[in-house]
Amino acid sequence: MSAGMAHTKPEASEVQLNGTPELMDLLHIDVETDAVDPKPGREDLPCSRNVLRKQRHWEKQVAAKKSRRKEEKLRRKMNRELESGTGTEHQFTKRVMKAITKERLAEARSTGLKLCVDLSMTDCMSDKEISRLAGQLRRLYGSNKKVTRPFHLFLTDLREDSRLYRECVRMNDGFLNYTMDITDESCLDLFPPESVIYLTPDAEEALESVDADKVYVLGGLVDESIQKKLSLSRAGELSVRTARLPIDEYMVKKDNVKNFHSKILAVNQVFDILLTFCDTGSWKEALQMWFPPGKGYVVAGSDSPPPPTTETHRVE
């Protein structure tokens, strides 16, 4: 079972724009990959994997270009309406931005950086931990929707009959329409092992960059019982490269009453750090913004701890 869920439900009530039927038409966007007709006389010839791969790549590029053209057309239309005074920003910006967000997420499925959340370790989690992980996945998806260049997200090893799947459907409105790939396959069923980098706090190598030809994997496991090195063990089972966030390279311990220091972050916190790094190119800025102050670390040279975040549960 592999399901890419790429459409969002339309709202029951929509604000009408004054005198802009063209914009209304533009807001109803269906991103489609153009069909490629076979060349005459070549229908019966077998295609090699390399040929098929190149054809799929070409189709994705066509879809991505089409998506970018539509997004730019929407932006120009919105700016003209604002400048002419025929509509107010409050009236239609929400709808326009929803359409642009939809376009960006659709384009990310063709050209975006790839990130998997490995959900193969949820059988050993309590019901409470399952609920917390479902909430973290909702926040992770929410963060991806807000950025200009979103990731192509995959929830792997997620079975429809699992507790986590049912909890995501129950807790997260619109989960079945999230623009991400949800599959019961593992990351290695989808990508070659040499392209996979499993992010775990127990890895020896620090992550220096985020590259387009790599697939980054986060271990989805809320662990209140402090089971150590679970994600590192999982990466070993998959025989893939591991890396950790460069916390040691950019942060220092800060004294606190409980003398508590932890580098274990929730999946949505790790993802927020990756998003900010991809946007700014600065690990220092990303860690300053998103590393929870309650973990007992601050960015080296900073006079104050980073701002608080909403989720601080342990994830291996």
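A salt bridge is taken here as a side-chain nitrogen of Lys or Arg lying within 4 Å of a carboxyl oxygen of Asp or Glu. The structure is a predicted model, in which local features require a pLDDT of at least 70 and side-chain atom pairs count only at pLDDT 80 or more, while totals for chains, interfaces and linings use all residues. Residues are numbered from 1 along each chain as its sequence is written, and side-chain values rest on heavy atoms, with hydrogens and water left out.

Under the salt-bridge rule, 12 such pairs are counted. One of them joins the side chains of Asp 123 and Arg 159, with an N to O separation of 4.0 Å. This pair links distant parts of the chain, since Asp 123 belongs to the loop between β2 (114-118) and α4 (127-146), whereas Arg 159, 36 residues away, belongs to the loop between β3 and α5; helices (H or I, at least four residues) and strands (E, at least two) are DSSP runs, numbered from the N terminus. Residues are called buried under 20% relative accessible area, exposed over 50%, and partly exposed in between (1.4 Å probe, protein chains only). Asp 123 is exposed because its relative accessible area is 59%, and Arg 159 is partly exposed because the corresponding value is 37%.

A further salt bridge is formed between Asp 279 and Arg 149, whose closest N and O atoms are 3.9 Å apart. Here too distant parts of the chain are linked, with Asp 279 in helix α9 (residues 267-280) and Arg 149 in the loop between α4 and β3, 130 residues apart. Both Asp 279 and Arg 149 are exposed. In the pair formed by the side chains of Glu 249 and Arg 244, the N to O separation is 3.0 Å; Glu 249 has a relative accessible area of 43% and is therefore partly exposed, whereas Arg 244, at 11% relative accessibility, counts as buried. In addition, Asp 118, Asp 157, Arg 234 and Glu 237 are joined into one network by salt bridges that share partners.

Within that network, Asp 157 also has a backbone feature to report, as its phi is near 55°, a positive value in a residue other than glycine. Asp 157 is placed in the loop between β3 and α5, and it counts as buried because its relative accessibility is 17%. A positive phi of about 50° is likewise found at Asn 259, although this residue is not a glycine. Asn 259 lies in the loop between β8 (251-253) and α9 and, with a relative accessible area of 57%, is exposed.

The loop between β3 (152-156) and α5 (163-171) also holds Glu 160, which at 48% relative accessibility counts as partly exposed. Together with Asp 184, Glu 185 and Asp 189, Glu 160 gathers in a surface patch of negative charge. Patches consist of residues with over 30% relative accessible area and no salt bridge, like charges being joined within 9 Å and nonpolar side chains (Val, Leu, Ile, Met, Phe, Trp, Tyr) within 5 Å. Asp and Glu count as negative and Lys and Arg as positive, with His and the chain ends not counted, and each charge is placed at NZ of Lys, CZ of Arg, CG of Asp or CD of Glu.

Leu 199 is located in strand β5 (residues 196-199) and counts as buried because its relative accessibility is 8%. Contacts are defined by heavy atoms within 4.5 Å; when residues up to four places away in sequence are not counted, Leu 199 touches Leu 207, Tyr 216, Val 217, Leu 218, Gly 219, Ala 243, Val 270 and Leu 274. For Leu 199 and Val 217, which are 18 residues apart along the chain, the C-alpha atoms are separated by 5.9 Å. Pro 192, in the loop between α6 (187-190) and β5, is partly exposed, because its relative accessible area is 40%. Pro 192 and Val 215 are 23 residues apart in sequence, with a C-alpha to C-alpha separation of 9.3 Å.

For the chain as a whole, 10 helices and 9 strands are assigned, and 44% of the 316 residues count as buried. Among contacts between residues at least 6 apart in sequence, 78% join residues at least 24 apart. The chain exposes about 17,100 Å², of which carbon and sulfur atoms supply 50%, the accessible areas being obtained by the Shrake-Rupley method with a 1.4 Å probe and, for residues, with only the protein chains shown counting as cover.
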